[in-house]
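Here is a quick tour for anyone meeting this structure for the first time. Have a look at the picture, then read on.

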Amino acid sequence: MPPRHVELGLSDDDVLGMYRAMLLARAVDERMWLMQRAGKIAFIISGQGHEGAQVAMAWPMRRGQDWMAPYYRSIASAMTFGMSAEDIITAHLAKADDVSSGGRQMPGHYGGAPYNLVSLSSPVGTQVLHAVGIAMGAWVRGDDVVTMTQFGEGTSNQGEIHEGMNFAGVHNLPVIFVCENNGYAISVPLDRQVAGGSVAARAAGYGMPGVLVDGGDVLSCYAAAREAHQRASRGEGPTLIEARVVRLTSHSSDDDQRRYRDPAEVDALKERDPIPQFANELRAAGVLSDERDAAIQAEVKAEVNEASKRAEARPEPTPGDAHERVYAEPIPGGGTAVPLSPLADGGH
Ligand SMILES: Cc1ncc(C[n+]2csc(CCOP(=O)(O)OP(=O)(O)O)c2C)c(N)n1
Ligand SMILES: [Mg+2]
């Protein structure tokens, strides 16, 4: 029997590319934790453990044509959709020419106009409404555009998710809803947040297929996303995919999960890390050798070193530019911008 990736129509280069993308997202994430601890980045909210699902699900999306409304763990999907390691680090350092917002957004608020990647808001779940709105717009224009949005299982209980999925179901919109279920909403475990324990099962109530996948199984995630993408593109409507993933880190750099998770539970998470699981599968398929793996790891390390060096050397925003890209100019009604602080007038 041919290896699974061949059955799915993926080449050896495709799966090695997916593996490399996962490693790169992990390496950028780890580097940014160091930068946060060194006082260079204010805050980190990590995608570690989610990379397999994210790379695989973003893989079928057509760059420059499709759209994505991400959430704060979407580092690997944002990178698969076009953001570079340097873009990500530059945004976290809030540099003046950061592609996400020119240094206005919080860390982890991925976005980039050149990539059709919508900037997110901190209230969880609001990105789902944006995704459905984009899908509605594409439908009105008759464009072949598929929109993907991602959110956590805690967020799946927000009103916006119900409104968005119901609207997409009623109007048969080309959206892929991806719930990355990591079992916790900060410190609250799944059984205290999701009645019935399944997010995918809710899809039936919205008239769309609900698919449950193991987020540690990259090729299953890819197969589910590709099928959802084809359905959406053919005009057959939305899909909800729930990927069971692991959150390998604390919720954020402001949290310590040892206070609410058993140490044995935290240790056991490593077994579900998608990166070694995928590496093992590629080895068994004869695609990844030790030498190839070492070469990819070295390339990724060099790329992250280079990206962080270049990002750190980028210019800081100047206080006098604080209003730019925050308010439309001129202010509607003819008012003038009020300085946010004396520094905002250009003083240093
Ligand atoms: C509307 C709203 N309520 C509360 C918060 C605070 N908050 C930020 S992340 C989070 C947990 C979300 O959990 P989940 O959706 O499972 O995503 P995860 O962080 O596990 O990936 C909460 C409660 C918020 N940002 N917005
Ligand atoms: Mg969660």
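## Overall build

Helices and strands here are DSSP runs, with at least four residues for a helix and at least two for a strand, numbered from the N terminus. Counted that way, the protein chain has eleven helices and seven strands. Keep in mind that this is a predicted model.

How does the radius of gyration fit a compact globule? For 348 residues, such a globule would come out near 20 Å, and the protein chain has 21 Å, so the two agree. Along the principal axes, the C-alpha atoms take up a box of roughly 70 × 50 × 40 Å. Of the 348 residues, 45% count as buried. Now take the contacts with a separation of 6 or more: 74% of them involve residues 24 or more positions apart.

## Two domains

The chain splits into domain 1, covering 4-317, and domain 2, covering 319-348. Their C-alpha centres sit 34 Å apart. Where they meet, four residues of domain 1 are in contact with four residues of domain 2. On the domain 1 side, that patch is made up of one nonpolar, two polar and one charged residue.

## The nonpolar core

Nonpolar side chains tend to be buried together in soluble globular proteins. In this model, the largest nonpolar core has 93 residues. Ala 56, Ile 176, Cys 221, Ala 225 and Ile 241 have the most contacts inside it. Which helix gives this core its largest share? That would be α2 (residues 12-37), with ten residues.

Let's zoom in on Ile 241. Leaving out residues up to four places away in sequence, Ile 241 touches Ile 176, Val 178, Val 211, Val 213, Ala 224, Ala 225 and Ala 228. Two of those partners, Ile 176 and Ala 225, are also on the list of residues with the most contacts in the core.

## Around ligand 1

How many residues surround ligand 1? There are 15, and the closest are Pro 123, Gly 152, Gly 154, Thr 155 and Ala 185. Strands β2 (147-152) and β4 are the elements that give two or more residues to this shell. By type, the shell divides into six nonpolar, six polar and three charged residues.

## Thr 90 and its company

Thr 90 is found in helix α5 (residues 85-92). Is Thr 90 buried or exposed? A residue needs 20 or more other C-beta atoms within 10 Å to be called buried. Thr 90 has 24 such neighbours, so it counts as buried.

Some of its surroundings come from far along the chain: Lys 309 is 219 residues away, yet the C-alpha atoms of Thr 90 and Lys 309 are separated by 10.0 Å. Setting aside neighbours within four places in sequence, Thr 90 is in contact with Lys 95, Asp 98, Ala 311 and Arg 314.

## Two unusual backbone spots

Most residues other than glycine have a negative phi. Asn 172 goes the other way, with a positive phi of about 55°. Asn 172 lies in the loop between α7 (159-171) and β3 (175-181). With 16 C-beta neighbours inside 10 Å, Asn 172 counts as partly exposed.

Ile 186 also has a positive phi, near 55°, without being a glycine. Ile 186 sits in the loop between β4 (184-185) and β5 (188-189). There are 13 other C-beta atoms within 10 Å of Ile 186, so this residue is partly exposed.

Note on methods. Residues numbered from 1 in each chain as written. Chains lettered and ligands numbered in written order. Predicted model: local features only at pLDDT ≥ 70, side-chain atom pairs only at ≥ 80, totals over all residues. Buried ≥ 20, exposed ≤ 12 C-beta atoms within 10 Å, placed from the backbone. Domains from an automatic or database assignment. Contact = placed C-beta atoms within 7 Å. Nonpolar A, V, L, I, M, F, W, Y, C, P; charged D, E, K, R; others polar. Rg over C-alpha atoms; globule rule 2.2 N^0.38 Å. Core = buried A, V, L, I, M, F, W, Y, C linked by C-beta atoms within 7 Å. Near = placed C-beta within 6 Å.
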